[in-house]
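User: I should like to learn how burial and helix packing are read from a model. May we work through an example?

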Amino acid sequence: MPEAFLMALAGGICIGLATVFLMITLGRIGGISGIVFSVAKNPAENYWAILFIAGLILGAFLFHFTAGQPIPAFEVSIPLTLAGGFIVGVGTKLGSGCTSGHGICGIGRLSTRSITATCTFMLLGFITVYLRLHGGIS
Amino acid sequence: MKLLMALLCGILFGFGLALSGMTDIANVIGFLDLFGDWNPALAFVMVGGILVSLPFFQFGLGKIKAPLFASSFRLPTKNDIDGRLISGAALFGIGWGLVGLCPGPAIASLAYLNIDILYFGVAMLAGMFVVDFIDGLLTEHS
């Protein structure tokens with residue numbers, strides 16, 4: 001699947017550029033979990049974050065609209081969706097970041113905290129999927 | 001201008017997420033299935049992102065005095081590795097593995113107008129607020 005590899009690489013470059021532009025223009029780290037929380041907690045002081053979030057949704061729409069790519073399926077039971085969402089929320093708030101803040105910006109800053117966090121969440125992601133798909137837990 | 005920049009950065013970020021395949025949970029689970037039928041494509045998302053962010057943060061940022069539309073850069077100041085960081089990252093990894101969505105794709109996927117993805121987002125916010133609430137209680141008492 002060389003095409004999937006190229007799309008992943010090109011998408012990653014877009015994400016990297018977006019975080020760099022956000023730092024150059026607004027001086028902010030492009031960490032989505034932090035931005036989302038700031039909008040929910042304090043929308044009146046974070047108008048920029050509201051627009052960033054709106055852009056995030058619009059950008060995904062634009063991709064599917066312009067590239068004519070099908071919308072990916074999302075078939076997960078509601079209890080699992082709620083549990084997963086809740087755990088992701090608790091984890092990113094406790095751990096001060098997610099795949100973007102730690103994985104892209106933090107590693108770019110060569111932050112030991114972010115490198116540690118990224119290795120940890122990747123490892124636990126691998127283990128969780130292994131147990132779900134091959135460990136008899138579903 | 002500041003708000004327009006935020007919108008444009010968001011659009012580029014969301015476009016990148018959808019283009020990369022990160023908003024397709026089957027793709028994400030395939031990538032996380034390292035010990036099974038591994039689909040390595042999404043590793044290139046991080047490669048692409050770091051290819052841009054690393055040179056910028058290491059060589060570019062130091063040459064700029066201040067952001068174009070804000071008074072100063074806001075960079076994380078913590079540099080200690082504590083139990084909170086590790087346990088938070090571990091929980092995040094578990095949640096990511098359970099569903100296949102991390103915060104960025106979860107929000108960008110709201111574009112797909114699927115109510116189930118909204119449930120994920122609401123549950124995620126609930127989790128963040130629970131931690132924030134407990135943090136508030138702990139600082140009050142200390």
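User: Which residues of H5(A) are buried?

Analyst: This is a predicted model. A residue counts as buried if 20 or more other C-beta atoms lie within 10 Å of its own. In H5(A) the buried residues are Thr99(A), Ser100(A), Gly101(A), His102(A), Gly103(A), Ile104(A), Cys105(A), Gly106(A) and Gly108(A). Because nine of the 10 residues of this helix, residues 99-108 of chain A, are buried, the helix is largely enclosed by the rest of the structure. In chain A, buried residues make up 59% of the 138 residues.

User: What covers the buried residues of H5(A)?

Analyst: The cover includes helices H1 (2-26), H2 (32-41) and H6 (112-134) of chain A, together with H3 (43-60) and H5 (103-108) of chain B. Just after H5(A), Leu110(A) takes a positive phi of about 55°.

User: How should the packing of two helices be described, and at what angle do H1(A) and H3(B) cross?

Analyst: Two packed helices are described by the angle between their axes and the distance between the axes. The axes of H1(A) and H3(B) cross at roughly 35° and come within 6 Å. The crossing is right-handed. By class, this contact has 16 nonpolar, seven polar and no charged residues. Among the residues that meet are Phe5(A), Leu9(A), Gly12(A) and Gly16(A) in H1(A), and Phe44(B), Gly48(B), Gly49(B) and Val52(B) in H3(B).

User: How many helices and strands does chain A have?

Analyst: Chain A has six helices and zero strands. Its C-alpha trace spans about 50 × 40 × 30 Å along the principal axes.

Key: Residues numbered from 1 in each chain as written. Chains lettered and ligands numbered in written order. Predicted model: local features only at pLDDT ≥ 70, side-chain atom pairs only at ≥ 80, totals over all residues. Helix = DSSP H or I, 4+ residues; strand = E, 2+ residues; numbered from the N terminus. Buried ≥ 20, exposed ≤ 12 C-beta atoms within 10 Å, placed from the backbone. Contact = placed C-beta atoms within 7 Å. Axes fitted to C-alpha atoms, helices over the stretch in contact; angles between N-to-C directions. Left-handed = near helix turned anticlockwise from the far one by under 90°. Nonpolar A, V, L, I, M, F, W, Y, C, P; charged D, E, K, R; others polar.
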